Amino acid sequence: MGGPTTFHDFGLNSSMHRQIDLVRAGIIPRMRSPIAVVDVDRCETWTRYKAGLCDTCAANCCTMPVEVKLADLVRLELVDPFEAEHEDPKQIAKRLSKAGLIEHFNFKNSIFSLARRASGDCQF
């Protein structure tokens, strides 16, 4: 069985088709794959999950920003349980940011945004 052969096989909508046409015309710079035209802020551009998407990374989930709580950081072993219990989340965020493990920390809700690779892919 081969890979996807049409844009519909990738789950692209009409606005994505327009973007791809602009790329082909040379108006917009060429991207690596159809995944690059996904706008993470617009849910309608996301690909609905289907079995097999992760086999060839034919979706956009690897490029989505990942937001986690402190307990998730403990499970990922980025934060020690003792540190999570006794240290201020702001100080933990400062340490993780310096280490390049998080991009952003929401102080109000104590939500950490994990850092991504330069390509936009998740590190995990």
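# Questions about a predicted chain

Tutor: R75 and D72 both belong to helix α3, which spans residues 70–75, and they are 3 residues apart, about one turn of the helix. Helices and strands here are DSSP runs (H or I over at least four residues for a helix, E over at least two for a strand), numbered from the N terminus. The model is a predicted one, in which local features need pLDDT of at least 70, side-chain atom pairs count only at pLDDT 80 or more, and totals for chains, interfaces and linings use all residues. Residues are numbered from 1 along each chain as its sequence is written, and side-chain values use heavy atoms, with hydrogens and water left out.

Student: What makes R75 and D72 a salt bridge?

Tutor: A salt bridge needs a side-chain nitrogen of Lys or Arg within 4 Å of a carboxyl oxygen of Asp or Glu. For R75 and D72 the N to O distance is 2.2 Å, so the pair meets the definition.

Student: Why is R75 called exposed, and what is D72 called?

Tutor: Buried means under 20% relative accessible area, exposed means over 50%, and partly exposed lies in between (1.4 Å probe, protein chains only). R75 has 62%, so it is exposed. D72 has 22%, so it is partly exposed.

Student: How many salt bridges are there in the whole structure?

Tutor: The search finds 3. Another one joins E83 and R95, at 3.0 Å from N to O. This pair links distant parts of the chain, with E83 in helix α4 (residues 81–86) and R95 in helix α5 (residues 89–98), 12 residues apart.

Student: Why is E83 called buried, and what is R95 called?

Tutor: E83 has a relative accessible area of 19%, so it falls under the 20% limit and is buried. R95, at 35%, counts as partly exposed.

Student: How do you know that R116 and E103 form a salt bridge?

Tutor: Their N to O distance is 3.7 Å, which is within 4 Å, so the pair counts. R116 sits in the segment after β3 (111–114), whereas E103 is in strand β2 (residues 102–106), 13 residues away. At 29% relative accessibility R116 is partly exposed, and E103 is partly exposed at 46%.

Student: Why are β2 and β3 called paired strands?

Tutor: Two strands pair if DSSP finds at least two bridges between them. Between β2 and β3 there are 4 bridges, in the antiparallel sense, so they pair. Among the bridge partners, H104 is matched with S113 in β3, and N106 with I111 in β3. The two strands form a hairpin with 4 residues between them, and S110 in the turn has a positive phi of about 55°.

Student: What is the order of the strands in the sheet, and which stand at the edges?

Tutor: The 3 strands form an open sheet in the order β1-β3-β2, with antiparallel pairing. β1 (67–68) and β2 stand at the edges: each has a single partner strand, so one side of each has no neighbour in the sheet.

Student: How many aromatic pairs does the structure hold, and what are they called?

Tutor: There are 2 aromatic pairs. F105 and F107 are 4.9 Å apart centre to centre, with 90° between the planes, and the pair is edge-to-face. Rings of Phe, Tyr and Trp (its six-membered ring) pair if their centres lie within 6.5 Å; planes under 30 degrees apart count as stacked, over 60 as edge-to-face and the rest as tilted. F105 is buried at 8% relative accessible area, whereas F107 is exposed at 53%.

Student: Why is the pair of F105 and F112 called tilted?

Tutor: The centres are 4.5 Å apart and the planes make 40°, which is neither under 30 nor over 60, so the pair is tilted. F112 is buried, with a relative accessible area of 0%. F105, F107 and F112 form one aromatic cluster.

Student: What is the confidence in the chain?

Tutor: The mean pLDDT (the predictor's confidence in each residue, from 0 to 100) is 76, and 64% of the residues reach 70 or more. Over residues 4–9 the pLDDT is below 50, and this stretch has 8 contacts (heavy atoms within 4.5 Å) beyond near neighbours in sequence in the model.
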